[in-house]
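Visitor: Could you choose one part of this structure and walk me through it slowly? I'd like to see how it sits among its neighbours.

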Amino acid sequence: MGKVEVIAGSMFSGKTEELIRRLTRAEIAKQKVVVFKPAIDNRYSDHHIVSHDISKMPCMTINTADEILPNIGKATVIGIDEAQFFDESIINVVNQLAERGKRVILAGCEMYSSGEPFGQMGALMCIAEEVTKLRAVCMVCGEEAYISYRKERPQNGNILIGNSDIYEARCRKCAHLNGKSQ
Ligand code: ADP
Ligand code: MG
Ligand code: ZN
């Protein structure tokens, strides 16, 4: 049976680590695995998904979700990292994969630093059979963090690709969004 799993959380919450963990276990079980990530995320490598603690796994870098179906080969387990960057066609692609009996595991950042839902992550969580929410550690107080706080003022739009130079994990209190966008 096909199945959709979503791993959601802020930056540094361990989404890529958890994705790699699940995909590695599938490989140990001799299942064929293929991994995709969007071209927009080239922070570490064009050919790997990489976690902040530097575990990594080879992947195919694609521009749109439409490139997933023609490139799955014989894979039965499909990993997708940085799922928040895909447009709404990702929903149809993921449903088609699950209907064809594939296990689809998506990891993605669920909110912009403004606190608004990020891209299609909300919709993906709706269609998933299983949703896992991970939490980072708040860099101010040490509590559970829920958001990727942008240390610099936003310049153009919501998306600014970066790492701990630009973002840090914060809890609701320390992000002090006061219910408003930054
Ligand atoms: P994500 O894909 O969610 O951004 P990663 O899987 O790449 O997360 O990285 C998770 C790792 O990041 C943790 O295991 C830890 O080593 C490191 N890390 C750095 N900053 C934090 C933080 N504020 N809270 C938790 N982990 C952090
Ligand atoms: Mg990640
Ligand atoms: Zn805090």
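Guide: Let's look at strand E2, where Val33, Val35 and Lys37 point one way, Val34, Phe36 and Pro38 point the other way, and all are buried. Before going on, a word about the source: this is a predicted model, in which local features need pLDDT of at least 70, side-chain atom pairs count only at pLDDT 80 or more, and totals for chains, interfaces and linings use all residues. Residues are numbered from 1 along each chain as its sequence is written, while chains are lettered from A and ligands numbered from 1 in the order in which they are written.

Strands here are DSSP runs of E with at least two residues, numbered from the N terminus. The two-way pattern fits a general rule: in a regular strand, side chains alternate between the two faces of the sheet.

Now for its surroundings. E2 spans residues 33-38 and is mostly covered, with six of its six residues buried. "Buried" means that 20 or more other C-beta atoms, placed from the backbone, lie within 10 Å of a residue's own (12 or fewer would make it exposed, and anything in between partly exposed).

E2 also has partners, and two strands pair if DSSP finds at least two bridges between them. With strand E6 (residues 77-80), E2 runs parallel and shares four bridges; there, glycine 79 of E6 lies opposite valine 35. With strand E5 (residues 60-62), E2 again runs parallel, joined by three bridges. In that pairing, look for phenylalanine 36 across from methionine 60 of E5.
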